[in-house]
Amino acid sequence: MHATLHRGWFLAAARFPHRSVMHEMSTATQPLPESESLAPGEGWHCLHLFYRWDRQVLARLTPEQLQSGCDELIAVLDPADSQAPQRLQVSAVSGHKADFGLMLMDDDPLKVQAVHQRLLGGRLGPALVPTYSFVSLTEVSEYVPTVEQYARKLVAEGDAEGTPAYQAKLKAYADRLPLMNRQRLTPEFPPWRATCFYPMNKKREVGENWFLLPFDERNRMMAEHAKSGLAFAGKVQQLITVGVGLEDWEWGVTLWAKNPYYLSQIVYKMRFDEASARYAQFGPFYTSYIMPARQMLAFCRVLPA
C-alpha cells in the first residue's frame with residue numbers, strides 16, 4: 001500500500017533539467033514521441049469516476065433524443081468498443097453520492113480520460129453531473145516480499161534452511177509471486193457484483209507520522225494487515241492503487257465482494273490492525289453494484305426497463 005515512484009518519472013525530470021517552465025508549457029500539447037510514452041514503468045493508469053443524472057435536463061429531451069443519447073452512452077461504455085480502455089467497469093451506486101460509477105484502466109492515461117470526455121461531449125452530456133473522481137496508478141507495494149525476503153522470513157519463523165519443508169514453501173511462493181504481481185499491475189476484475197471504493201492516507205501527525213517510522217516497523221504492521229485480509233480469501237478481492245503526486249489522497253482502495261456484507265466485515269476487521277487503527281485516514285466510501293451500461297440506465301430510470 002506504499003507508493004513507489006516509477007523510474008520513468010525520475011528519468012523524464014532528469015532528461016531536460018535546463019528547460020524553462022514556459023517552454024514545457026508551450027510543448028505540453030504536442031504529440032509525444034515514442035521514446036516519451038505515457039505508459040508507466042510497469043502497471044496501468046486507473047481512473048474512478050462517479051456521476052449523477054440531472055433529471056430536469058433528461059425531462060426536456062424528446063423520446064427520440066433520449067433513446068439516441070442512451071444508445072450512444074451504451075456504445076461508449078461497451079468494454080468491447082474499439083476505443084475502450086483495457087478495463088472498463090460500470091456500476092450503479094448505492095446512496096445519494098452518485099447515480100453510477102466507472103472504473104477504467106489502461107496503459108495510456110489519455111485513453112482512460114477519453115471515456116469521460118466522450119460522455120460529457122455526447123448527447124446525454126448536459127444531463128451528466130460528475131460528482132467525484134480519483135486518478136491513480138497500479139503498483140507492487142514495497143511491502144510485498146521478494147523471494148529472498150520470503151526465504152529469510154521462513155528461517156525467522158523456524159523453518160531450517162535447505163529442509164524439504166523450507167524448499168517446498170519457498171518454491172510455492174516463487175511460483176505464485178509473478179502471478180500475484182501481475183494481478184496487482186494489470187488486474188482482471190472478479191465476477192462479483194458488489195464493489196466499493198474509498199481513498200486513504202497515512203498519518204503525518206506529531207507522534208503518529210507513518211513516514212518517519214523505520215521500514216521494518218512499517219513492514220511488520222503491513223504484514224499484520226495483510227494477514228487479516230487473508231481471512232476473506234474467496235469472498236473479497238482488493239486492489240490498491242497509488243495516487244501520490246496525482247491526487248489529494250495517497251491511495252485508492254477498490255474492493256469487490258460476493259456479497260456487500262463481506263465489504264462491511266473486511267473493513268471492520270482490518271480497522272483493528274495497528275496500521276489502520278493508528279495511522280490510517282479514510283475518505284468517502286462509494287458502494288455500488290456492477291452491471292452493463294444498458295442495465296444501469298434502466299436501473300437509474302433513464303431508460304424503461
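The exercises below, each with a worked solution, concern a predicted model of a single chain.

**Exercise 1. Overall make-up**

State how many helices and strands the chain has, what share of its residues is buried, and how its contacts are spread along the sequence.

Solution.
- Step 1. The secondary structure consists of eleven helices and eleven strands.
- Step 2. The chain has 305 residues, and 42% of them are buried.
- Step 3. Take the contacts with a separation of 6 or more: 77% of them join residues 24 or more positions apart.
- Step 4. The exposed area is about 16,700 Å², with 56% of it supplied by carbon and sulfur atoms.

**Exercise 2. Helix 7**

Compare the span of helix 7 with the expected one, locate its kink, and list its buried residues with some of what covers them.

Solution.
- Step 1. Helix 7 runs over residues 164-185, which is 22 residues. From first to last C-alpha it reaches 32 Å, close to the 32 Å expected at 1.5 Å a residue.
- Step 2. Even so, helix 7 has a kink of about 35 degrees at Arg176, shortly before the proline Pro178.
- Step 3. The buried residues include Tyr166, Leu170 and Tyr173, and also Leu177, Asn181 and Leu185.
- Step 4. Their cover includes strand 4 (128-138) and helix 6 (147-156).

**Exercise 3. The largest pocket**

Give the volume of the largest pocket, and find which element gives the most to its lining.

Solution.
- Step 1. The volume is about 1,600 Å³.
- Step 2. The lining is made of 37 residues; nearest the centre of the pocket lie Val144, Met180, Arg184, Ala226 and Leu230.
- Step 3. Elements that each supply at least two lining residues are helix 6, helix 7, helix 8 (215-230), strand 8 (236-242) and helix 9 (260-270).
- Step 4. Helix 8 gives the most, with nine residues.

**Exercise 4. Cavities**

Count the cavities of 30 Å³ or more and describe the lining of the largest cavity.

Solution.
- Step 1. There are three cavities of 30 Å³ or more.
- Step 2. The largest cavity has a volume of about 120 Å³.
- Step 3. It is lined by 14 residues, and Tyr198, His225, Gln238, Met270 and Phe282 are the closest to its centre.
- Step 4. Two or more lining residues come from each of strand 5 (194-202), strand 8, strand 9 and helix 9. The largest share, three residues, is from helix 9.

**Exercise 5. Cys46 and Leu104**

Place Cys46 and Leu104 in their strands, classify each by accessibility, and list the contacts beyond four places in sequence.

Solution.
- Step 1. Cys46 belongs to strand 1 (residues 45-53), and Leu104 to strand 3 (residues 100-106).
- Step 2. The cut-off for buried is under 20% relative accessible area. Cys46 has 2%, so it is buried. Leu104 has 0%, so it is buried too.
- Step 3. Cys46 is in contact with Met103, Leu104, Met105, Phe134, Val135, Ser136 and Thr241. Of these, Thr241 is 195 residues from Cys46 in sequence, with 7.6 Å between the C-alpha atoms.
- Step 4. The contacts of Leu104 are His45, Cys46, Leu47, Leu49, Pro85, Arg87, Leu88, Val112 and Val115. Leu104 and Ala84 are 20 residues apart in sequence and 8.9 Å apart C-alpha to C-alpha.

**Exercise 6. Three loop or end residues**

Is Glu250 buried or exposed? Give the accessibility class of Leu61 and of Arg301 as well, and point out what is notable in the backbone of Arg301.

Solution.
- Step 1. Glu250 lies in the loop between strand 8 and strand 9 (251-257). Its relative accessibility is 6%, so it counts as buried. Leaving out residues up to four places away, it touches Met200, Asn201, Lys202, Arg204, Phe211, Thr241, Val242, Gly243 and Val244.
- Step 2. Leu61 sits in the loop between helix 3 (55-59) and helix 4 (63-76). At 24% relative accessibility, Leu61 counts as partly exposed. Beyond four places in sequence, Leu61 is in contact with Leu66 and Leu124.
- Step 3. Arg301 is in the segment after helix 11 (293-299). With 65% relative accessibility, Arg301 counts as exposed.
- Step 4. Most residues other than glycine have a negative phi. Arg301 is not a glycine, yet its phi is positive, at about 60 degrees.

Technical notes: Residues numbered from 1 in each chain as written. Predicted model: local features only at pLDDT ≥ 70, side-chain atom pairs only at ≥ 80, totals over all residues. Heavy atoms only, no water. Buried < 20%, exposed > 50% of the residue type's maximum accessible area, 1.4 Å probe, protein only. Contact = heavy atoms within 4.5 Å. Areas by Shrake-Rupley, 256 points an atom, 1.4 Å probe, with all protein chains shown as cover. Expected span 1.5 Å × (residues − 1). Bend = angle between axes of the 7 residues up to and from the residue. 1 Å grid on protein atoms, 1.4 Å probe; cavity = no way out; pocket = protein on both sides within 12 Å on 5 of 7 lines; lining within 4 Å. Points joined across faces, edges and corners; volume = space filled by probe spheres on them.
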